[in-house]
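This report describes a predicted model, proceeding from chain contacts to individual elements and residues.

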Amino acid sequence: MIEVVRKGNSRPEMVINMGPQHPSTHGVLRLEVTLDGELVTHVRPHIGYLHRCFEKYAEKMDDYSKVTPYTDRMDYVSAINQEHGYAIAMEKLLSIEVPDRVEHIRVIMAELQRIASHLLAVGTFGLDLGAFTPFLYVFTEREKILDIFEKTSGARLLYNYICVGGLMRDVDEDFKKDTAEFVRTFRPKITELQDLLSYNSIFIKRTANVGILPEKVALNFASSGPVLRGSGVKWDLRKNDPYSIYDRFDFDIPVGKGEVGTLGDCWDRYIVRVHEMEESCKIIEQALESMPDEGDVQQNVPKKIRTKPGEIYSRTESPRGELGYYIISDQSSKPFRLKARTPSFVNLSVLPAISRGSLMSDLVAIIGSIDIVLGEVDR
Amino acid sequence: MTSLETIPVALLALFPLTVILIYALFAIWMERKVAGFIQDRLGPMRVGGWHGWAQSFADLLKLIQKEDIIPTDTSKFLFKFAPFLMFAASYAAFAVIPFSSAYMGSNIDIGVFYILAITSLLTISVIMAGWASNNKWSLLGAMRSAAQMVSYEVPTIMAVLSVIVVAGSLNLMTVTEMQSGNDILGFIPNWLIFQNPFLLVAFVIFFISILAESHRVPFDLPESESELVAGFQTEYSGMRWAMFMLAEYADMLLLSLLGAVLFFGGWNSPFGEFMGGPVWGFIWFMLKGMILVFVMMWIRWTLPRYRVDQLMHLCWSVLIPISFVNFVLIALWEMLF
Amino acid sequence: MSKTTQELFDYLNAAFPEAELLHESAALGDSWVSIPADAWKEIAKFLRDDQQMRFDTMMCLSGIHYPDQNLLAIACHLNASEKGYKLAIKVKVPEDNPVIDSVESVWKTADWHEREAYDMFGIEFKGHPDMRRILCPDDWEGYPLRKDYVPQDSYQGITTKYTEVEESHD
């Protein structure tokens, strides 16, 4: 019945197929796992189940601005950050200056989205480990952010809000008040989350010393975002390669310290996300203060953008890490080549290297701590 | 038992079944409500009107209508048999539970021994289901389950033995009867948990172990929906799956009631003779059991899940040594006082 | 202080005088260094290990197809996290023999990115340990991101072509 692989004198191994329909693979990831009892001896990820060939679509669109909705659909839980990255790439390529008000709104939206995305990440991470309740607690908070987005852009998941040269529309009049109110009520919730999940001893047992990603390996695999910072590398594009107006704000880059286990374990990657939410709150507060009240949010960009030949690689810090757009333009009004370097794709490739020798349950924890979105892995 | 002698035995035997079925319907609704309130939401609100009280009936109707899927390449007989064996084992154990001073399925002198023996059948049915499903995930779940249940039987038995040492009988009715009265300091009931300080430790060990035995969080590894996709239940659907569910809830109730008998005076009223008698006894007994069931639910919706090696570590290097030492201490206490 | 691509190119050119390196740019955006395919792996190792460069991460590797010149290319974007340098590199190969040395052993990021370039453009990477398609199914025909790609009519009995409906957007 169930086949067991036995090679030579080695211990019998079982090949088990995790996914594409598995609750803990966060979408349609398929892992071919070789098990020795419950010990994982080898993991082989198979991706592409959600592949839509976004890059081909981008080439076939008849306008640069029509690519924006497609970027939304890559990482569908942090759509604003994807749009933001694309808009910045195009503006760099065309040397467009964006008004201050627009930059402020973009930063506030991007940071709200970062909080929403991290909430989802820590919530589902807890869910993977069997803690159901924190998941619903963080979703309550995420809901409030989505309400702000809905008021502003009209959509709750895929916004199509930030466009090349500006914004689709101005924010509504309550935006400042709503956002400030959210930040005020959200801070205590982080403390609640820390009590309920982060420092729960079973949670620590499950995540500390699991899936250790050493700094050297992380850099060699070009991991980015919380995965890299969890390994103790202070690297955040908002500070190290500032874009938009992030250089004006005062915030820290949280890094993993190996507080409860070894540096670079699942718990470190998790806690970096929690601390990052606090930092995002700081940025939002500062941005709300310095945001100009009046101003046009639509820059004078022609409806149909025409470019000259050129190339740009522009990177921004999405909640999952470095989101790069490599755009090659030609004389026409559509990209000659558009490559999205998505953080989940790169971060996921580290999985086989760090999951060897862990238990089946650890594998679930490791996938959760890497926080992948399959829409972004497969594009 | 005199008052009930006229009722045919067959009807008497059905009494626990009625209790289990009503309890299961109630407990599933309660589980959802408890989960809802813990998670800052309402839980079922629609079916039946008042707070969705008929939700469980709706679920039951849905499950009855479901197609009975038996995957190809399964071991057909074992696959079909496993859920029923599991429920039968849980149900059979209720025979020796003294529901009230007037009703007990079988008043045998080795009641405790019988419960421990018959609940071991649960392990077999889980392995049967996991193996017969011809699914690797189910097999992993079954393996985990077997290891877990066999391991946790040791601390359970040690905790139960501690009680037996104090009570001096394996007959659960006798154990209950000796806990009647409120003699400690004049008002505290004579429940075993109040009689001996080490029995409090024994109760904690017993409670942790029954959490593991009935596959509740944080020890729900055999089912762990986020890792093993429901483990040994993966391939089951419809009523067969419902039998597992029923057996699981019955098992929870059984172990909780056993805990109530062994530590909390069974059907004895906490107020001595006041609100005593067979009918009140039954209500008190179920109430005590349901409180333990509620604590189990409370824990389920609060804690994450242990890992398989940590689970074994907790059992073999923490609970078992403590329970042995505790057993000796209880015996000494009984000798001295 | 961050160095420009020009400075990095000059340094690299001095280290590899015999390789035909080119510093190229277009009307808009960034410039890049063009490296011949046979020198690529050696230079990659140098870029990673040299004390003046220390490009410890490869951010991105993208395939490109230039149909008018009958060329396929990869563009690599490197990042030196210590010194803050960024460098864009292009390696071009002819369309009829698209073979490039794999740099998987230099930067592990290249593992999946090279597989993606193989999947989408049909560029083969010599020395890659696991040269399979990554996003498309293993038995997919053609290389989707090439400019002259024509989708296959059906895949395992499933019709893949859709009939285009003419729509006017304006």
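Which chains have the most contacts among the two pairs of chains that touch? Chains A and C do. Chain B and chain C, by contrast, do not touch, and their nearest C-alpha atoms lie 25 Å apart.

**The interface of chains A and C**

The size of an interface is often given as the accessible area lost when the parts come together. For chain C and chain A, the area buried between them is about 3,600 Å², with 60% of it on carbon and sulfur atoms. The contact draws on 43 residues of chain C and 42 residues of chain A. Leu28(C), Trp112(C) and Leu135(C) account for 21% of the area that chain C buries against chain A, which is more than any other three residues supply.

Leu28(C) also appears in the surroundings of Thr307(A), a residue placed in the loop between α11 (266-290) and β6 (310-318) of chain A. Besides Leu28(C), Thr307(A) touches residues of chain A, including Leu94(A), Ser329(A), Asp330(A) and Gln331(A). Thr307(A) counts as buried because its relative accessibility is 4%, below the 20% cut-off. The side chain of Thr307(A) makes two polar contacts, listed here.

| Group on Thr307(A) | Partner | Distance |
|---|---|---|
| Side chain | Side chain of Tyr64(A) | 3.5 Å |
| Side chain | Backbone oxygen of Ser332(A) | 3.5 Å |

**The sheet of chain C**

Chain C contains an open sheet of five strands in the order β1-β3-β6-β5-β4, with mixed pairing. Its edge strands, each paired on one side only, are β1 (22-25) and β4 (57-66) of chain C. On average, neighbouring strands of the sheet are turned by 30° against each other, direction ignored. Strands β1(C) and β3(C) (residues 31-36) are antiparallel and share four bridges; Ser25(C) has Ser31(C) of β3(C) as its bridge partner.

Two helices of chain C lie across strands of this chain. Helix α1(C) (residues 5-15) lies across β1, β3 and β6 (85-94) of chain C and runs at about 20° to β3(C). Helix α2(C) (residues 40-49) lies across β3, β5 (71-80) and β6 of chain C, at about 170° to β6(C).

**Buried elements of chains A and B**

In chain A, strand β8 (residues 337-341) is mostly covered, with five of its five residues buried. Arg337(A), Lys339(A) and Arg341(A) point one way from β8(A), whereas Leu338(A) and Ala340(A) point the other way. Strand β7(A) (residues 321-329) runs antiparallel to β8(A) and is joined to it by five bridges. Within this pairing, Ile327(A) has Leu338(A) as its bridge partner.

In chain B, helix α4 (residues 111-119) has several buried residues, among them Val112(B), Ile115(B), Leu116(B) and Ile118(B). The cover over the buried residues of α4(B) includes α3 (76-93), α5 (121-132), α6 (136-167), α7 (172-177) and α10 (238-263) of chain B.

**Cysteines**

How many disulfides are there over all chains? The count is zero. Cys60(C) is in no disulfide, since the nearest cysteine sulfur, that of Cys76(C), is 8.3 Å away, whereas a disulfide needs sulfur atoms within 2.5 Å. Cys60(C) counts as buried because its relative accessibility is 0%. Cys266(A) is likewise buried, at 0% relative accessibility.

Terms used
Residues are numbered from 1 along each chain as its sequence is written. Chains are lettered from A and ligands numbered from 1 in the order in which they are written. This is a predicted model: local features need pLDDT of at least 70, side-chain atom pairs count only at pLDDT 80 or more; totals for chains, interfaces and linings use all residues. Side-chain values use heavy atoms; hydrogens and water are left out. Buried means under 20% relative accessible area, exposed over 50%, partly exposed in between (1.4 Å probe, protein chains only). Two strands pair if DSSP finds at least two bridges between them. Axes are lines fitted to C-alpha atoms, for helices over the stretch in contact, and angles run from 0 to 180 degrees between N-to-C directions. Contact means heavy atoms within 4.5 Å. A polar contact is a pair of N or O atoms within 3.5 Å; within protein, one must be able to donate a hydrogen and the other to accept it, and residues adjacent in sequence count only if both atoms are side-chain atoms. Buried area is the accessible area (1.4 Å probe) that two parts lose on being put together, summed over both. Lists of a residue's contacts leave out its neighbours within four places in sequence.
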